[in-house]
Every structure is written in structure tokens, then in C-alpha cells.
Amino acid sequence: MNPPNPSALLAEGSVRSEAPADDTALPKRAGPRPLPEDALIILPVRNVVLFPGNVAPLTVGRERSRAAAQEAVRLQRPVGILLQSKPEVDEPGAEDLHWVGTTAGILRYITAPDGSHHAICKGLSRFRVLQFLDGYPFAVARVQMIEDPERIDTDIEGRALSLKERAMETLQLLPQVPAEMVAALQTMEGPSQLADFISGVIDISAEEKQALLETFDLKTRLDKLLALLTHRIEVLKVSREVDERTRESISDANRKQLLREQMRSIQKELGEGEEGAAEVAELDKAVADAKMPPEVEKHARKELKRLERMPEGAGEYSMLRTYLEWLTELPWAAEPEPPIDIAEARRILDADHYGLEKIKRRILEYLAVRKLNPSGKSPILCFVGPPGVGKTSLGQSIAKATGRRFARVSLGGVHDEAEIRGHRRTYVGALPGNIIQNLRKVETRNCVMMLDEVDKLGAGGFHGDPASALLEVLDPEQNSNFRDNYLAVPFDLSSVMFICTANVLDTIPGPLRDRMEVIQLPGYTAQEKLEIARRYLVARQLAATGLAPGQCEIGDDALMAIIGDYTREAGVRNLEREIGNVCRHVAMRIAEGQVQKMKIGAAELSVILGPRRFEAEVAMAKGIPGVATGLAWTPVGGDILFVEAARMPGTGKLILTGQLGDVMKESAQAALSLVKARSQQFGIDAGALDKSDIHVHVPAGATPKDGPSAGVAMFIALASLLTGRPVRSDLAMTGEISLRGLVLPIGGVKEKVLAALRAGITTVMLPERNRRDLEEIPADAREQLKLVWIGNVDEALATALGATVPAQAAG
Ligand SMILES: Nc1ncnc2c1ncn2[C@@H]1O[C@H](COP(=O)(O)OP(=O)(O)OP(=O)(O)O)[C@@H](O)[C@H]1O
Ligand SMILES: [Mg+2]
């Protein structure tokens, strides 16, 4: 409430004209002037609001206030307590005070031993200031008393009742409530007393209390109080919840701490604590011996300190210990590269592998460069070829030839970057990636690390891009600072000799391929396989079964039969397996005591290995018009494939089946167009063609096939179908066709020719423009096969269907 007359200052000694005339004559020293009946001595207070009926101790600090309180005590009159509207003001004037307050009797006036003065006051009733009076050594004002109405209506009674309930509820939420307070509240009579009592004890600001004091209307006051109490209850509830929760968590933490301490003392009792200390000491020694680079060692020591301070039972303890073990067991030391002896390397490569002259020469060149310039950034070798051609074993030979240890990392199906680069240590069950894991296994950085199946590396995606992680491993610019997520410190990979292997080149991510020197291993001819079997595989399988060389002799005819009739592969893996089967059969016979030694010829094979697995497929194609033999290149070496064409009544549609890719389908379309364009030459009625559907099928239907190189075979199959003339069954062909009838070159010549040879083909038609690849074809294959070089489809027709195509139609 604002003072109606702000100019009514309380300045001490100032004389106001309204003062009674007779009083002015009195000398001031003679004592204070008598108070008028309707005036009160005012006690300004900074932050207490006293309500009628309430008792409160007031600290009386200011001189003027002391004088006021003492005068009131002396006169045995109540004081008027007014809240300062500006608590910071020391000598408050009329405008610094609220004009509504409570009259109070001073029950006791105390001077404490420390010199402070206190007045214990009991609130009596509300009053309103009418006018401040001058001429007193303290504030004095004429006032008007304000009483609550006597009559109580149901509105007020109802409110009072719920106020009481709320108040009880609040008390229950408060932590330590004196029992008297509850009793006082319960015995409280009359709504106005109840309201004043609660207003006095409720935990709100002095200004809020003042607002309650100034609300003269009882009903409104009760409403305000109810609202305040309700809010208070909410706050108390929330704060109690929070309180309980923190108490819970604190006690939980305390409990754990306690248990941990108990465990430590139990461990000490059992002598286990020493184990931890011994462990730390061991690790400490390991760190010292690991020859780490200084910054890594610093990091390791820091982590070791952390370990030392950690209670042994903590979950993190074992994680940290494992980490430190990894760190200390890695080959940090930079040993000198083992010297490379080229002559010795050549000897080892020759001793381990038959043939592969060109490849061995490339490897020796690579080693020579490395020998002359060890610090130079040598390219990464990548062996590409079908399974079982010796990629892995060449890698092992290189390791042997360079005196290095050999490690093998399989990348097939790796689609999580973390498999290469490791998981962060925060990850549960985290481990370093397989590069670091293998280095720990081989215990030296000077090793040959074979990255197998880089072509089967999973695509990047949700788990990061493994190819880019691998790039970091292989890139000589980056790999001296390789960072495994688990280790979190750099490791130098620059002295690791990386060799990659792949079955196909085109699925290797481009950036990776760019960094590699690709060496192709296309596969072996039957003759080469025979040599490999004779020199290596038989001896190895004999040793594996524990047979002496004299006990089991496998003849060349038997080996050739295995190569031709029991296996069909570019490499020699199955060949080796079948030889193993033969050896085990012999070993069993000898062990049973039936024989002393055995000689195995081709005739014995069907007993040991069962019936021949691969008939010459060529027989299938015999004598039926509409079938041509094509040659395909696959990741596992070359293969033959049949193109079958059939004709049936219809509407001129071309039906294609056998899981053909788009390029192959287009090839078939082109072949049909070429045949139609030659219908006159074939003597076919073009109109009749429109009344029939043509179906082209390429078995085996379940294997997806694609590529343009079956074009010639499709064309020949269709030409054969429509002319009714069968294709020579010992003939295979490959080549792309153009709509003008040209035969275009294709890839994989060597693999395709070897596949034809394996399948018992005698004549192979190849595009004229592939003649440059003649060199690639092994000499014995060239000897055994008749190669026909064709420049256009007419030359193909001449070879496949006979020199002259009959002029009359077949159907
Ligand atoms: N020219 C060869 N001389 C001697 N042995 C060979 C030759 N080529 C392959 N081998 C032998 O064939 C077996 C299979 O070779 P290897 O495991 O190296 O094949 P790979 O090319 O790595 O196949 P994959 O692609 O399936 O991994 C090995 O035992 C290997 O010694
Ligand atoms: Mg391999």
C-alpha cells in the first residue's frame, strides 16, 4: 500500500505545523511529547510481518527503534509494526514503509550479552496508518484499527475448513514439525485466527505476507491463502521426491564404497591384494620392456597409474588390464628388415611352386626393388585368380624367401570397419581390429601379412566403410601412423609387407585397386596339374596319411583321370583332396594288413572314388539342332555353357530364360535380328517367323549369367535351330557380335580355352581380334586344340554348320 502523503517525512527534529501549538513551546530536552490517544509508536522492520495472534522475536538494531521500543515498554502501550517497503533503507521515511501493519504488545525486551536488543512481540490487530506525526525521536503515526467481521457465513466457514485440511497436509510433508504446532492448528478457533496463524508460519516471502496482511476482506484472504498453500504442497511433494531419490543414490554409492572397502580388506586377508600389486608390477616391467615410442609409453604409464589406483574388483579394472596387456605385447620395437637374398628367394619359390614362371619373375623383381630400396614405398602385391591356384601358398613362400613370419587376415564378408580398425575401448567386449591382432600373434612388424579376399570386402554402410579403413592400412603415406580404435595410439605398419588376394578384380574398390600391383594367376592346364600333382600334391598327401612313398604309387593315368573325370576346376584344390582320398584308401588297406603296398591306376579309381563325376558334357549337345556350346569366364576359372534354342507356334516373341543379365539378353536380341536379316540366305520364310515364338535358354538355370561374350553362340544356336542343322559337338565358341555381323573381342581367353580343353572340346572359335592373346594360352593347350579365328558371323556359320548353309528351310 502506498503512503497517501509521501511528503510526510519522519526526519528527526523537523517540526511540522500540524503539531499542537502548546507542545512547541516545550523544550525538547524535557522528554518526548505525550502521544495522542489514537497514535502509535511505530517500529519499522526490514523483513518480518507479524500477524495478529502470532508471537515473534524482533531484533531491534537501530537507535530510533530502540528508543521507540523502550518508550512503548515504559508507557505500557502497544507498538505498531510496519514492514519496510525498501528493506535497504536505514532511516526509513513514510514513503519507505507499508502503511498497513500489526499492533503488537512487547512481551519482553531483552538486551543480549553480545549487546544486541530483542523485543518479543505478540501481534494484536491490523491497523492502517492515517498520518505520520513529527516531533518524536521515533516514528509515530495516527492509525485506524481494522478488525475482521464477527459474523461468519458458510462461505468463510467452508474455506476455513479446507484451509485447515491443507495446512495439516503441509505439516505432514514438512520434515520436523513440532508437535505443538499441530496441536495449535487443531485447536485453532475462528477462521480469522486460523488464517493469521497460517499466514505467520507459511514459508513465503515477507512481501507475500504483507499482501496477505493488507487483504482486509476475510473471504478473499482465505482464498489467497488456500492458493498459496496448495502451491506449497506441490512444491513440498516434488522436493520430497527429489530428496528421496538423491538419498537413495547416495546411500547406494555409500554401500558400494563400503562393500569395496570390505572386499579390499578381505582380499588383503587372503593375500589377494598382493596379486594385484604383483600384476601391476609385472605390467610396469612389460611397459619398460616393450620398447614403445616415447609418447605411447607415456600414455601406457598414465593408464597403469590409473590401474594401480583402481579397486581390483571394479569392472573397469580387468578391462584396463587387458588393454595394457595388448599395449605391452605388441611388437613396437623397430627391428632391422631381414636381408633379402634374391638367389635364395628364387630357390624357395621354385621349390614350392611348379610353373608360374612369369609370376615368380614378378615377385623376384618386387623383392629386388625392396632389397635395393628398403625404405621406399613399394606397391602392394595383389594375387588375382580362381580358388586353389596357389595365391595363399605363394604368399607363404614369399614370407619364407624373405625370412619373415607369415600372417593371414581374411577379409571375406567383413562389413564392419571395426573388424579392421577395432572397437573403441568404451564398447563392451572391445578388441583391436584384425591387423593389430595378427601383429600381436606374429610378434614382429617385419612380417608378410596376407589380406585374403579383398574382393569380398563388404560394402560400407551403417558400420563404417571397411574399404577406407583398409586403404589407411595399405597406404604407405598413412600406415606409419595407423590408429586402431582400441589402442587409441598410433602404430607403425610401414615395415609390414602386405599382400592381397582376390578371385576377381572388378569388385575390389577402385581406390584400393589403384594402390596394388595386380598379378593374375589364371589357372592350370591338365598337363600343369599333372606336374603339380606329381611333384607336390602326392608327396604331401602321402605324408599327411603317414604312408612311405614306396607304399603307394599313383600312376600318371590315374592322376589324369582324377584331373579330367573327378575334378573340374582352374586350381588344384579338389585334385589334392581326391589324391588325399586315394591315399587314405590305400592307408586303410595297408593298416588292415590286406596288402603291403598298392599301385593305383585309372582303373582302380572307380572303386575308390566312385563313378566318374564329369562326363564329357559335349555328348549332351550331340546331334540336336538349336544347341551351341559357348565359353564363359567365371571367378572360379573358365567354364563351358550351352545355349539352347527352341521354336514354337506363337506371335513372334523372343523368350529368354536361365537367369540372364541385361547384357546377355541384349546379345540374344541382337543374335535374333542377325538371323532374321539372313532369313533369305537360310531360306526361311520371314513371315512364318512372325507366327512362332523363339525360346532361348541357357542352363544351368539357377546360376546368374551375364556378359556379351555368348553372342556368337546364341547366333549359331538360332541359325542351327532355323536351318535344322546340328552344330558340331566338339566345337565351342566365344565372341561378342555386332548388328553388322562383326565378331568383337572378349576377355579371359586363357581361362576359356582351358575350360574347353577340360570339357573335351577339340575346336574353339575365337574372335580374330583376340589373336594378340595367343601368347597367354599355354603351349600344350595350343597343341591339343584347333583354334579358329573368326572376324564375322558368316565365318562362324561356315565353321559351325558346315561350309554351305542349305538353301531350303528346315521348318
Ligand atoms: N604351382 C603350384 N605348385 C605347387 N603347388 C601348388 C601350385 N599352385 C597351387 N598349389 C597348391 O594348391 C593348394 C591350394 O593353393 P592355395 O591355397 O594357395 O590357393 P588359393 O589361390 O589361395 O585359393 P583361394 O582363392 O581359395 O584362397 C595349396 O596346397 C598349394 O600349395
Ligand atoms: Mg587362399
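Which residue caps the N-terminal end of α16?

1. The structure is a predicted model, and the points below concern that model. The cap on the N-terminal end of α16 is Asp 465, which places a side-chain oxygen 3.1 Å from the backbone nitrogen of Ala 467.

2. Ala 467 is itself one of the buried residues of α16. Helix α16 covers residues 466-474, and because 8 of these 9 residues are buried, the helix is largely enclosed by the rest of the structure. The buried set consists of Pro 466, Ala 467, Ala 469, Leu 470, Leu 471, Glu 472, Val 473 and Leu 474. Note that a glutamate, Glu 472, is listed among them.

3. The second largest pocket has a volume of about 680 Å³. Its lining consists of 30 residues, and those closest to the pocket centre are Gly 390, Lys 391, Thr 392, Ser 393 and Arg 573. By class, the lining divides into 11 nonpolar, 10 polar and 9 charged residues.

4. Which helix gives the largest share of the lining of the second largest pocket? That is α13, with 6 residues. At least two lining residues each come from α11 (342-352), α13 (391-401), β8 (405-410), β12 (497-502), α18 (526-545) and α20 (573-591).

5. Ligand 1 has 19 residues around it, of which Gly 388, Lys 391, Thr 392, Arg 540 and Arg 573 come nearest. Lys 391, Thr 392 and Arg 573 also appear among the residues closest to the centre of the second largest pocket.

6. Oxygen atoms of ligand 1 have several polar side-chain partners. For Thr 392, the distance from a polar side-chain atom to a ligand oxygen is 2.6 Å. For Arg 540, a side-chain N or O atom is 2.6 Å from an oxygen atom of the ligand. For Glu 576, a polar side-chain atom lies 3.3 Å from a ligand oxygen.

7. How far apart are the N and O atoms in the salt bridge of Glu 576 and Arg 540? The separation is 3.4 Å. This pair links distant parts of the chain, with Glu 576 in helix α20 and Arg 540 in helix α18, 36 residues apart. Glu 576 counts as buried because its relative accessibility is 17%, under the 20% cut-off. Arg 540, with a relative accessible area of 45%, is partly exposed.

8. A second long-range pair is Arg 408 and Asp 452, whose side chains meet in a salt bridge at 2.4 Å, N to O. Arg 408 belongs to strand β8 and Asp 452 to strand β9 (residues 447-452), so the salt bridge ties together parts that are 44 residues apart in sequence. Is each partner buried or partly exposed? Arg 408 is partly exposed, at a relative accessible area of 45%, whereas Asp 452 is buried, at 4%.

9. A local pair is found in helix α11, where Glu 344 and Arg 347 are 3 residues apart and therefore separated by about one helical turn. Glu 344 forms a salt bridge with Arg 347, and the closest N and O atoms are 3.2 Å apart. Glu 344 is partly exposed, with 31% relative accessibility.

10. The pairs above belong to a total of 41 salt bridges in the structure.

How values were computed: Residues are numbered from 1 along each chain as its sequence is written. Chains are lettered from A and ligands numbered from 1 in the order in which they are written. This is a predicted model: local features need pLDDT of at least 70, side-chain atom pairs count only at pLDDT 80 or more; totals for chains, interfaces and linings use all residues. Side-chain values use heavy atoms; hydrogens and water are left out. On a 1 Å grid over the protein atoms alone, a cavity is a set of points where a 1.4 Å probe fits but cannot get out, and a pocket is an open set with protein on both sides within 12 Å along at least five of seven lines; lining residues have an atom within 4 Å of a point. Grid points are joined across faces, edges and corners, and a volume is the space filled by probe spheres set on the points. Helices (H or I, at least four residues) and strands (E, at least two) are DSSP runs, numbered from the N terminus. Ala, Val, Leu, Ile, Met, Phe, Trp, Tyr, Cys and Pro count as nonpolar, Asp, Glu, Lys and Arg as charged, and the others, Gly among them, as polar. A salt bridge is a side-chain nitrogen of Lys or Arg within 4 Å of a carboxyl oxygen of Asp or Glu. Buried means under 20% relative accessible area, exposed over 50%, partly exposed in between (1.4 Å probe, protein chains only). A residue is near a molecule or strand if one of its heavy atoms lies within 4 Å of it. A polar contact is a pair of N or O atoms within 3.5 Å; within protein, one must be able to donate a hydrogen and the other to accept it, and residues adjacent in sequence count only if both atoms are side-chain atoms.
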